[in-house]
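Work through the exercises below with the sequence and the 3D structure at hand. Each task is followed by a solution in steps.

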Amino acid sequence: MFVSSPSSVTESNDESSGEDGADASDARTSELADTSSGEGESESYRVASYDPASRLLSVVNENGVPAQLSVAKGDNVQILGPALQEGRNLYLRHCMHCHGVSGDGAGPTAQYFKVKPRDYRQGVVKFTSTKANVPRPSRDDLFRIVKLGVPGTYMPSFMLLPDEEVHAIVEYVRWLAMRGEMERKLNAWLSLDYSKEAVADMEEPAEEIESAFAEAWADEASDNITQFSEELQMDWQEADKEENVVVPPTERVPPSPESIERGRKLFQGNKAKCASCHGLTGKGNGPSTESFNDLPGQPGVKSDKAGLFDIWGNIVKPRNLTAGVFRGGRRPIDIYRRIHSGIKGTPMQAFGSTLNKEGEIWDVVNYVLSIPFENKQGGH
Ligand code: HEC
Ligand code: HEC
């Protein structure tokens, strides 16, 4: 569902008026716009509330009486829920100076930070509760990130904002992410066939290429736009499904010295190779930080600089685990999820299928949480 205008909506019932109603059925729209279309009978509704969780839109008619919209499958309904409007205002006030007006992560303050504000336009954030094969964050993830901030970076905690305001901001961040991704998909499609290089290699005269382009655009654009938006919607819906949240199959293994020792062996051993990035003692100085690695998402393409890179093109250091600062949260379940699904957009991959024996991930969680204390006591 696309959302576009603030609070007054109009339904035009033109399907009941013309005789061409039947064959126009796929184009039949219940357009919710902020002005009356002027054609035929139209009724005005106000959006009473929009519940992002259930995606239910409640409306009231001019007299404030709850009303039902006769919207059928395939209808094109455009609403700009008040939540988005409010979200936008709040975003501009609290987030824009770091994350940018368009969500590109390049707001005016961003240049001063070593750890850059997230560019939302790939639809990826690092610290999610969702499974490794679910590329998007859930609404709950975004809510938690905004409420708690990202410790150890300039991303502040917005704990003091009321929950409703944070929910509204979350809707707006999702919208920015979807918009950005849509643009990227369109760009990729357009540049696929009609990049300058491709055109330069073609034998046909420029006018022919131009008309082929115009034809392709006319034929395919609307199909592609529909397809892209369906893909986007599906990806984001997946992230909100309960079954896609990582829930450990067993309760936390108690952090006994034995469990911590098993975790240490896994951390330093060859199965998970945590130490190759984090170093044997977890200081974040493993050998991968000095070698030339594949660029994320581009297997076989080595970067021309040593170190590890994220999908936004920034160098990322493996966390120094002796400091005990965890950006994605310090509860055992947070660390469990980091290990199970990896840290999205970064070279730290998912270990859910490698550490698949009962309790293994918990052992590693227990070890990771013990590292700061181990070091204080001058241990290994
Ligand atoms: C002072 C600058 C600053 C402000 C203000 C700020 N952020 Fe951030 N934000 C950051 C930085 C820096 C990161 C990157 C943290 C990292 O990569 O570990 C970030 C990351 C994020 C992430 C991604 C976290 C992840 O798991 O990848 C989200 C979502 C986010 N911010 C949303 C917001 C929202 C919404 C607001 C406003 C309510 C906001 N931020 C305000 C600096 C800021
Ligand atoms: C290929 C390198 C690599 C491997 C292998 C790796 N990590 Fe990481 N790890 C990273 C990077 C990079 C980060 C920082 C990501 C960021 O925040 O941008 C990180 C961050 C972390 C964090 C911090 C999470 C937080 O919330 O701040 C923990 C905990 C962690 N790794 C544990 C592990 C464990 C346990 C293993 C082995 C099972 C492991 N890592 C394997 C690269 C790696």
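**Exercise 1.** Find the partner of Arg136 in a salt bridge, and decide whether the two residues are buried or exposed.

Solution. Step 1: a salt bridge is a side-chain nitrogen of Lys or Arg within 4 Å of a carboxyl oxygen of Asp or Glu. The side chain of Arg136 meets that of Glu181, with N to O at 2.7 Å.

Step 2: the pair links distant parts of the chain, 45 residues apart. Arg136 is in the loop between helix H2 (96-99) and helix H3 (139-148), whereas Glu181 is in helix H4 (residues 163-194). Helices (H or I, at least four residues) and strands (E, at least two) are DSSP runs, numbered from the N terminus.

Step 3: buried means under 20% relative accessible area, exposed over 50%, and partly exposed in between (1.4 Å probe, protein chains only). Arg136 has 6% relative accessibility and therefore counts as buried. Glu181, at 4%, is buried too.

Before going on, note the basis of these values. This is a predicted model, in which local features need pLDDT of at least 70 and side-chain atom pairs count only at pLDDT 80 or more, while totals for chains, interfaces and linings use all residues. Residues are numbered from 1 along each chain as its sequence is written, chains are lettered from A and ligands numbered from 1 in the order in which they are written, and side-chain values use heavy atoms, with hydrogens and water left out.

**Exercise 2.** State how many salt bridges the model has, and describe the one between Lys265 and Glu261.

Solution. Step 1: the count is 17 salt bridges.

Step 2: in the pair of Lys265 and Glu261, the closest N and O atoms are 3.9 Å apart.

Step 3: the two residues are four apart in helix H7 (residues 257-268), so about one helical turn separates them. An α-helix has 3.6 residues a turn, so residues three or four places apart point the same way.

Step 4: Lys265 is exposed at 55%, and Glu261 is partly exposed at 29%.

**Exercise 3.** Describe how strands E5 and E6 pair, and what joins Asp294 to Lys302.

Solution. Step 1: two strands pair if DSSP finds at least two bridges between them. Strand E5 (residues 294-295) and E6 are antiparallel over two bridges.

Step 2: the two strands form a hairpin with two residues between them, and Gly297 in the turn has a positive phi of about 75°.

Step 3: Asp294 stands opposite Lys302 in E6. Their side chains also meet in a salt bridge (2.8 Å, N to O). Lys302 is exposed at 52%, and Asp294 is partly exposed at 35%.

Step 4: strand E6 (residues 298-302) is hardly covered, as the count of buried residues among its five residues is zero.

**Exercise 4.** Decide whether helix H9 is largely enclosed or hardly covered, and explain why.

Solution. Step 1: seven of the 10 residues of H9 (residues 332-341) are buried, so the helix is largely enclosed by the rest of the structure.

Step 2: among the buried residues are Asp334, Tyr336, Arg337 and Arg338.

Step 3: just after H9, Gly342 takes a positive phi of about 75°.
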